[in-house]
Amino acid sequence: MIAFLTSSPCIYGALRATLNPENGFVDNLRSCLPENPRCLFVASAPDDIAFTDRVAEEMAACFYEAGMGFSELTRLDRRNQADARLLIWESDFIILSGGHVPTQNAFFGEIGLRELLQNYQGVILGISAGTMNAADRVYIQPEEPGESVPEFQRFGEGLGITDMNVLPHYQTAKDKYLDGRKLYEDITFADSWGECFHVFPDGTYLLIKDGRTTLCGEAYRLQDGCMEQISQSGDIVILEG
């Protein structure tokens, strides 16, 4: 398995989204994918068919514009979850959608995605929530109104693709308020005691290949209530292996 775990793989413009070439992302991804791969798009909201179809088509258009068009595009959601094993093994490329982390985490658990990916030999792309749920033990950062309460379940089992907890979209999330509190300073910093989170702006990603995890781009480490910058845009940092 090769995995690209992103905050977001795209730049969103006025007309359409395009793949973000920052930190060598497009070139690295192109070098790992077969020509015209068979793509499986795994939903974050398995019951919201319209959302899943729209995001899957937008992502396919981005890859087509970058010269990496798909020979097949299949959605994995509530409609066909019973066929998950077959759909995975028939795909060359799996995209884990962005969306609501706990909703996607529950769906991954229902279909047993962690086990189904154990011996997968293709390429995986995580987007936002998909990247967060790729962790072994997922930190479920509160994001929706009402989720900042202590009773909200902050951790769950993920896919085990990485041991790292990634928090995406830092360029916008750093100024966000949730339930009248600062998302980072008042909520996430407190959750980081005894934990280690890696905070990414869009354009940064992890590349997991040949047993090695490489951090590509700007990133921050949040641990025990303190955050420090560990890399800058353009940096390539080997973290494991």
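## An aromatic cluster

F4, F25 and Y205 are joined into a cluster by ring pairs. The model is predicted. Across the structure there are 11 aromatic pairs.

## The F4–F25 pair

F4 and F25 pair edge-to-face, with 6.0 Å from centre to centre and 85° between the planes. This contact connects distant parts of the chain: F4 belongs to strand β1 (residues 2–6), F25 to helix α1 (residues 25–32), and the two are 21 residues apart.

Why does F4 count as buried? The relative accessible area of F4 is 0%, and buried means under 20%. F25 is also classed as buried because its relative accessible area is 2%.

## The F25–Y205 pair

F25 forms an aromatic pair with Y205 as well. The geometry is edge-to-face, at 5.2 Å centre to centre and with 70° between the planes of F25 and Y205. Here, too, distant parts of the chain are linked: F25 lies in helix α1, Y205 in strand β14 (residues 205–209), with their positions 180 residues apart in the numbering.

Is Y205 buried or exposed? Y205 is buried, as is F25. F25 takes part in the pair with F4 and in the pair with Y205, and these ring pairs make the cluster of F4, F25 and Y205.

## A charge over a ring

Which residue lies over the face of F155? R137 does, at 3.9 Å from the centre of the F155 ring.

Technical notes: Residues are numbered from 1 along each chain as its sequence is written. This is a predicted model: local features need pLDDT of at least 70, side-chain atom pairs count only at pLDDT 80 or more; totals for chains, interfaces and linings use all residues. Side-chain values use heavy atoms; hydrogens and water are left out. Rings of Phe, Tyr and Trp (its six-membered ring) pair if their centres lie within 6.5 Å; planes under 30 degrees apart count as stacked, over 60 as edge-to-face and the rest as tilted. Helices (H or I, at least four residues) and strands (E, at least two) are DSSP runs, numbered from the N terminus. Buried means under 20% relative accessible area, exposed over 50%, partly exposed in between (1.4 Å probe, protein chains only). A charge sits over a ring if NZ of Lys or CZ of Arg is within 6 Å of the ring centre and within 35 degrees of the ring normal.
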